[in-house]
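Student: Could you take me closely through one part of this model, the place where the two protein chains meet, and then follow the protein surface out to the DNA?

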There are 2 protein chains.
Amino acid sequence: MNTEHKPLDYPLSRDEVVQLLQQYKISPTRQRIEIASYLFQRPQHLSADRILDGVNVVGHRVSRATVYNTMGLFTEKGLVREVLIDRERVFYDSNNSHHHHIYNVDTGELRDLDSVHVDVQGLPTLEPDLDVVSTEVIIKVSSR
Amino acid sequence: MNTEHKPLDYPLSRDEVVQLLQQYKISPTRQRIEIASYLFQRPQHLSADRILDGVNVVGHRVSRATVYNTMGLFTEKGLVREVLIDRERVFYDSNNSHHHHIYNVDTGELRDLDSVHVDVQGLPTLEPDLDVVSTEVIIKVSSR
DNA sequence: TTGCGTGCAAACGCTTTGCATATTA
DNA sequence: TAATATGCAAAGCGTTTGCACGCAA
């Protein structure tokens, strides 16, 4: 998995998308480019279904299976993050900077929280054979 | 929702389970008592399916629908927490003390992390109409 | 021409729901 | 006896998979 996180300059041009895919060792097929272009218009949280709709409005047709395959691949390669907060579906996060989330349990709104401002301290020492993959902070808020 | 979190003394006796349910404004039917007794044997993370199996081994029969209804109710009332980390299924957490989680992405193991040792600082000021429901820290680790 | 990627439809698995029956207050 | 809870089976829905076809190296 690519662990670099140079800040991206949203929205990404087609060429930048291609470079990004290659950088993450993903061969840039037409469908993958279209999906990534849609994702990296801006930092956002999208479900597979919304990606499918979004891509098929602007570009050529991409099948549901390809969206799922592609998002699985993008996640595996570290290009996007899965956000598992909503019980209903998985969200894919195109914000590649280090950040946390604020989730409104009443509206379902998912907002980014810049990790520069958040500090997690006092973690225990883990077994030496364990690598920390990520540290996520999720603040759940209610507007009721 | 009941927000008290007196430390529980695991495992809970049948009487303590009944009191706990009443404290959370849940009327203690036979099935709910059996499910809660199974959950509160110890702090643990269980899927609906494992609850179903566990309850039906030791006690009377409880249906799948009742397990789902009951866990939905327990969650709504604040008796247990849903932990949404694994894409496959929801885990219900019977540890009622304030804590975070360490999730091993390779083995699927989910471990508690006492919140006494973790400090989250630098949260932004939220809109005044928003209440913070919870602050969760999830450390993902890999053993590969 | 060999392997990888895509698309369709069917299958899958967790969860929810409709409705009849049972239990509780 | 009215309201709530339970159980069964079927339906729902996001996601995955099998397989044939297409495309690229």
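Tutor: Between chain B and chain A there are six salt bridges, a salt bridge being a side-chain nitrogen of Lys or Arg within 4 Å of a carboxyl oxygen of Asp or Glu. One of them joins the side chains of Glu136(A) and Lys140(B), with 3.4 Å from N to O. This is a predicted model, in which local features need pLDDT of at least 70 and side-chain atom pairs count only at pLDDT 80 or more, while totals for chains, interfaces and linings use all residues. Residues are numbered from 1 along each chain as its sequence is written, chains are lettered from A and ligands numbered from 1 in the order in which they are written, and side-chain values use heavy atoms, with hydrogens and water left out.

Polar contacts also link chain B and chain A, in 14 residue pairs with both members at pLDDT 80 or more; such a contact is a pair of N or O atoms within 3.5 Å, where within protein one must be able to donate a hydrogen and the other to accept it, and residues adjacent in sequence count only if both atoms are side-chain atoms. On the side of chain B that touches chain A, β4 (99–104), β5 (110–114), β6 (119–121) and β7 (131–142) each supply at least two residues, and β7(B) gives the largest share, 12 residues. Helices (H or I, at least four residues) and strands (E, at least two) are DSSP runs, numbered from the N terminus. By class, this side of chain B has 19 nonpolar, eight polar and 11 charged residues, where Ala, Val, Leu, Ile, Met, Phe, Trp, Tyr, Cys and Pro count as nonpolar, Asp, Glu, Lys and Arg as charged, and the others, Gly among them, as polar.

Taken as a whole, the interface brings 38 residues of chain B into contact with 38 residues of chain A, contact meaning heavy atoms within 4.5 Å. The area buried between the two chains is about 3,100 Å², with 54% of it from carbon and sulfur atoms; buried area is the accessible area (1.4 Å probe) that two parts lose on being put together, summed over both. Leu84(B), Arg87(B) and Lys140(B) supply 18% of what chain B buries against chain A, more than any other three residues. The backbone takes part as well, for β6 (residues 119–121) of chain A pairs with β6(B) in the antiparallel sense over three bridges, and Asp119(A) has Gln121(B) as its bridge partner; two strands pair if DSSP finds at least two bridges between them.

Turning to the DNA, 19 residues lie around strand D, and Tyr68(A), Thr29(B), Gln31(B), Ser63(B) and Thr66(B) come nearest, a residue being near a strand if one of its heavy atoms lies within 4 Å of it. Sugar and phosphate account for 81% of the atoms of DNA strand D that come within 4 Å of the protein. A backbone N or O atom of Val90(A) is 3.0 Å from a phosphate oxygen of DNA strand D, and a polar side-chain atom of Gln31(B) is 2.8 Å from a sugar or linking oxygen of that strand. Around DNA strand C there are 18 residues, the closest being Thr29(A), Gln31(A), Ser63(A), Thr66(A) and Tyr68(B). There a backbone N or O atom of Val90(B) lies 3.1 Å from a phosphate oxygen of DNA strand C.
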